[in-house]
Amino acid sequence: MKIKSASFVMGAVSVKTMPDEGIPEIAFVGRSNVGKSSLINKFLGRKNIARTSSTPGKTQEVNFFLINEVFYLVDLPGFGYARVAKRQRAEWQKLISGYIRHRQALRIVFHLIDSRHPLSDIDRDILRLIGEGDAVPVVLLTKGDKLSGNQRQKSINEIRRGIAEMSLEPPVILTSAKDGRGKEEILGWVSSLLV
Ligand SMILES: Nc1nc2c(ncn2[C@@H]2O[C@H](COP(=O)(O)OP(=O)(O)OP(=O)(O)O)[C@@H](O)[C@H]2O)c(=O)[nH]1
Ligand SMILES: [Mg+2]
């Protein structure tokens, strides 16, 4: 599969204002600053279609991008943590939870986890949340370029072990928005679910 076209369609602040459910959706979820928007840009081969920032709390709406005229790629605000008001954080959490639990069109949820840190309570909450919906979960470890060669396998093993303790076994892929590692695997998952 190749990315032939990508366009921003809309940012939604409630489930009600999201696009009609006609075409499949693929979402990127994870805590603020984990690298969701950056990885989306890398995946799409676009520099700045999704806005990024070094300050957690950049993405503030559920952003829908139409890809190849056949599916939506969905960039979500940070889950469970962001440098924003408590009430705002709680609102996003509710919005994201509702979306992941109930959205019929949602086929794959890419759950982004920082490769440099062990599995957090927020990550466990997200894993449980994804389990309540029907979409296929795929874990993407982010910022893999920041790890040394032997840290890489260690990080994958450690996070996999943490997830296995919850009796879950999603695929785990090491990625980087900087050097592009993992991009082919992400493409593979996306295309396998679109056929
Ligand atoms: N070295 C490195 N830095 C990254 C990578 N991905 C993201 N970053 C940096 O991490 C910071 C956060 O990136 P974003 O893509 O905005 O993170 P986000 O998850 O979308 O954050 P929110 O929108 O706030 O929820 C930025 O400073 C990025 O440059 C990566 O693969 N490697
Ligand atoms: Mg973002």
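Trainee: Among contacts with a separation of 6 or more, what share comes from residues 24 or more positions apart?
Mentor: Good place to start, and keep in mind that this is a predicted model. Two residues are in contact here if their C-beta atoms, placed from the backbone, lie within 7 Å. Of the contacts in the protein with a separation of 6 or more, those between residues 24 or more positions apart account for 73%.

Trainee: What radius of gyration does the protein have, set against a compact globule?
Mentor: The C-alpha atoms fill a box of roughly 45 × 40 × 30 Å along the principal axes. For 195 residues, a compact globule would have a radius of gyration near 16 Å, so the protein agrees with that at 15 Å.

Trainee: How many helices and strands are there, and in which order do the elements run?
Mentor: Happily, that is quick to list. The protein has five helices and seven strands. From the N terminus on, the order is β-β-α-β-β-α-β-α-β-α-β-α.

Trainee: Are helices H2 and H3 parallel or oblique to each other?
Mentor: Let's look at the axes of H2 (residues 86-102) and H3 (residues 121-132), which come within 7 Å and cross at roughly 40 degrees. In the contact, Ser97, Ile100 and Arg101 of H2 meet Leu129, Ile130 and Glu132 of H3. An angle under 35 degrees would count as roughly parallel. H2 and H3 are therefore oblique.

Trainee: Which helix gives the largest share of the shell around ligand 1?
Mentor: Ligand 1 is surrounded by 25 residues, with Gly35, Ser38, Thr52, Thr59 and Gly78 the closest. By class, the shell has 14 polar, six charged and five nonpolar residues. The largest share, three residues, comes from helix H1.

Note on methods
Residues are numbered from 1 along each chain as its sequence is written. Chains are lettered from A and ligands numbered from 1 in the order in which they are written. This is a predicted model: local features need pLDDT of at least 70, side-chain atom pairs count only at pLDDT 80 or more; totals for chains, interfaces and linings use all residues. Axes are lines fitted to C-alpha atoms, for helices over the stretch in contact, and angles run from 0 to 180 degrees between N-to-C directions. Helices (H or I, at least four residues) and strands (E, at least two) are DSSP runs, numbered from the N terminus. Angles under 35 degrees count as roughly parallel, over 145 as roughly antiparallel, 65 to 115 as roughly perpendicular and the rest as oblique. A residue is near a molecule or strand if its C-beta atom, placed from the backbone, lies within 6 Å of it. Ala, Val, Leu, Ile, Met, Phe, Trp, Tyr, Cys and Pro count as nonpolar, Asp, Glu, Lys and Arg as charged, and the others, Gly among them, as polar. The radius of gyration is taken over C-alpha atoms; the globule rule is 2.2 Å times the number of residues to the power 0.38.
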